[in-house]
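Reader: Please take one part of this model and look at it closely with me. I would also like to see what the rest of the chain adds around it.

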Amino acid sequence: MSEVGMSDNVNVIVSNAKRARKLTPEEIAEIEHEMELYPDKKAVGLEALKIIQKHQGWVSDESLLAIAKYLAIPVADLEGVATFFNLVYRQPVGKNVILFCNSVSCWITGCDKMKRHIGDRLGIDFGETTADNAFTLLPVPCLGDCDNAPVMMVGDDLHRRLDFEKIDEIIANYQKQD
Ligand code: FES
């Protein structure tokens, strides 16, 4: 992102959010813990974003402002971190986030067909969430398990060597848990 783009983006965040939300005591305790581990407050930024995401499901503009305020770091720096790490969700997501690898090894082994199958099963495309809020489908770069391509993650679970039957089984299992 260019300098101008980033500054525009930050202005939008500040005017959209109006003010920072109040961090919960649990969020503050976990951020304080990270501050003991990292000497530089800026370095705590990414961990703080992950903490907020764990508790809130995603990182709203109000949350981003709250973290920046609490850590006393510029909003632009924190937004830069959030933009760089594509696993920080800046939009609301469903209960189960499917991180679908579409990098080269997965592509060679037919991930396109698998992605279409998921789309048919759930009625969503990349970047979309099902109407019942159960699943969000997001593309990700290589998940580091190319030998077992095609690969996807749902929450913290890695699913390898995907085929249509496996995908049906995985989706059904998560639907059962909801
Ligand atoms: S390319 Fe998909 S896991 Fe590496």
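Author: Two strands count as paired if DSSP finds at least two bridges between them. Helices (H or I, at least four residues) and strands (E, at least two) are DSSP runs numbered from the N terminus. This is a predicted model, so local features need pLDDT of at least 70 and side-chain atom pairs pLDDT 80 or more, while totals for chains, interfaces and linings use all residues. Residue numbers start from 1 along each chain as its sequence is written.

Let's settle on the sheet, and on strand 3 in particular. Five strands make up an open sheet, arranged in the order 2-3-1-4-5, and its pairing is mixed. At the edges stand strand 2 and strand 5 (157-159), each with a single partner strand, so one side of each has no neighbour in the sheet. Strand 3 lies between strand 2 and strand 1 in that order, which lets us follow both kinds of pairing from one strand.

On one side, strand 3 (residues 135-140) pairs with strand 1 (residues 96-101) in the parallel sense, over six bridges. Valine 140 of strand 3 is the bridge partner of cysteine 101.

On the other side, strand 2 (residues 128-129) runs antiparallel to strand 3, and two bridges join them. You can pick out both partners in strand 3: threonine 136 is matched with threonine 129, and leucine 137 with glutamate 128. Strands 2 and 3 form a hairpin with five residues between them. In its turn, asparagine 133 has a positive phi of about 65°.

Now let's step back to the whole chain. The chain has eight helices alongside its five strands. In sequence order the pattern is α-α-α-α-α-β-α-α-β-β-β-β-α. Take two residues to be in contact if their C-beta atoms, placed from the backbone, lie within 7 Å. Of the contacts between residues at least 6 apart in sequence, 63% join residues at least 24 apart.

Two helix pairs are worth a visit. The axes (lines fitted to C-alpha atoms over the stretch in contact, with angles from 0 to 180 degrees between N-to-C directions) of helix 7 (residues 111-122) and helix 8 (residues 164-177) are 10 Å apart, and the helices pack at an angle of about 40°. That makes helix 7 oblique to helix 8; under 35 degrees is roughly parallel, over 145 roughly antiparallel, 65 to 115 roughly perpendicular, and the rest oblique. Met114, His117, Ile118 and Arg121 of helix 7 make the contact with Phe164, Ile167, Asp168 and Ile171 of helix 8. These residues divide into five nonpolar, one polar and two charged (Ala, Val, Leu, Ile, Met, Phe, Trp, Tyr, Cys and Pro are nonpolar, Asp, Glu, Lys and Arg charged, the others, Gly among them, polar). Phenylalanine 164, placed in helix 8, is 50 residues from methionine 114 in sequence and 6.6 Å from methionine 114 in space, C-alpha to C-alpha.

The other pair comes earlier in the numbering. Helix 2 (residues 25-37) and helix 3 (residues 41-56) have axes that come within 9 Å and cross at roughly 150°, which means helix 2 is roughly antiparallel to helix 3. Glu26, Glu27, Glu30, Ile31, Glu34 and Met35 of helix 2 meet Lys41, Val44, Glu47, Ala48, Ile51, Ile52 and His55 of helix 3. In this contact of helix 2 with helix 3, six residues are nonpolar, one is polar and six are charged.
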